[in-house]
Amino acid sequence: MATPGTLHDAFIDELRDTYSAEKQIIKALPKMVKAATSPDLRTAFQSHLEETRAQIEKLGRVFESIGEKPRAKHCDGMAGILEEGDGVMGENFDDATLDACLIASAQRVEHYEMAAYGSLVAWARAMGHDDAAGILEEILDEEKSADQKLTALAEGGINQDAADAAHPQDEDDEDDAPVAPPRASAGRAAKAPAPVPSRAAFKPTAKKTSRAGARGR
């Protein structure tokens with residue numbers, strides 16, 4: 001019977017998986033930089049590309065700190081996320097919608113990484129790998145920051161631009177609006193309506209009979 005694996009084994013396996021994920025991201029980000037139409041979004045992707053290259057070096061130090069050689073184990077999860085991102089770039093979207101979708105794809109990547117690094121930090125600390133935990137936590141903070149920057153770009157105008165393109169304002173709506181009646185101009189008193197006669201005004205008046213006529217009868 002095979003000896004059961006330990007948390008240390010799981011840690012190394014997850015570390016290799018994450019190492020593979022970062023290497024895949026290195027290949028995907030240049031395509032996202034090229035596809036983005038927003039200058040700010042292109043800058044964010046380019047900046048994270050440089051950051052990811054540095055993160056791969058940091059992961060190498062994590063391997064060394066626990067006496068292991070850096071080695072990748074193909075990350076199927078990241079491969080699937082990046083494949084979906086490739087599909088987005090192949091769609092015929094307007095510019096703002098494409099940028100909004102690129103942000104959504106990039107944030108899927110970030111959230112996957114944040115989950116992985118969060119587990120690695122916790123496991124490293126539990127096993128007393130303090131040096132490894134410190135490096136991994138530094139990378140985790142970088143991923144959180146990248147995610148926040150993407151959110152700021154989305155909420156800072158890209159999402160709204162995409163929404164406006166999807167539902168353009170109808171210029172004829174204003175022409176169809178009901179027209180308010182003209183108001184009396186200042187200084188000119190509005191003419192008061194004629195008073196309605198009371199019912200008494202329409203009551204027939206009884207004829208007066210002269211006394212002289214009465215006596216003659």
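This is a short talk about the core, the empty spaces and a few residues of one predicted protein model.

Okay, some ground rules. Residues are numbered from 1 along each chain as its sequence is written, and side-chain values use heavy atoms, with hydrogens and water left out. Since the model is predicted, local features need pLDDT of at least 70 and side-chain atom pairs count only at pLDDT 80 or more, while totals for chains, interfaces and linings use all residues.

Let's start with the core. In soluble globular proteins, nonpolar side chains tend to be buried together. Here, the largest nonpolar core has 47 residues, and Leu-15, Leu-41, Phe-45 and Leu-136 have the most contacts inside it. By nonpolar core I mean buried Ala, Val, Leu, Ile, Met, Phe, Trp, Tyr and Cys residues joined through side-chain atoms within 4.5 Å. Buried is under 20% relative accessible area, exposed is over 50%, and partly exposed is in between, with a 1.4 Å probe and protein chains only. Helices α1, α2, α3 (76-89), α4 and α5 each supply at least two residues of this core. A helix here is a DSSP run of H or I, at least four residues, numbered from the N terminus.

Take Leu-136. Not counting neighbours within four places in sequence, Leu-136 is in contact with residues including Phe-11, Leu-15, Tyr-117 and Val-121, where contact means heavy atoms within 4.5 Å.

Now, how many aromatic pairs does the structure hold? Just one. Tyr-19 and Phe-63 sit edge-to-face, 5.4 Å centre to centre with 75° between the planes. Tyr-19 lies in α1 and Phe-63 in α2, so the pair ties together parts 44 residues apart in sequence. Both residues are buried. For the cut-offs: ring centres of Phe, Tyr or Trp (its six-membered ring) must lie within 6.5 Å, and planes under 30 degrees apart count as stacked, over 60 as edge-to-face and the rest as tilted.

Phe-63 also touches Arg-16, a residue of helix α1. Is Arg-16 buried or exposed? Arg-16 is buried, because its relative accessible area is 19%.

On to the empty spaces. On a 1 Å grid over the protein atoms alone, a cavity is a set of points where a 1.4 Å probe fits but cannot get out; a pocket is an open set with protein on both sides within 12 Å along at least five of seven lines; lining residues have an atom within 4 Å of a point. Grid points join across faces, edges and corners, and volume is the space filled by probe spheres set on the points.

The largest pocket has a volume of about 200 Å³. Of its 17 lining residues, Ala-44, Phe-45, His-48, Glu-110 and Ala-146 are the closest to its centre. Helix α2 (39-65) gives the most to that lining, five residues. The lining has 11 nonpolar, two polar and four charged residues; Ala, Val, Leu, Ile, Met, Phe, Trp, Tyr, Cys and Pro count as nonpolar, Asp, Glu, Lys and Arg as charged, and the others, Gly among them, as polar.

There's also one cavity of 30 Å³ or more. Its volume is about 80 Å³, and α3 gives the largest share of the lining, five residues.

One of those lining residues is Leu-82, which sits in α3. Leu-82 counts as buried because its relative accessibility is 13%. Beyond four places in sequence, Leu-82 touches Gln-24, Ile-25, Ala-28 and Val-109.
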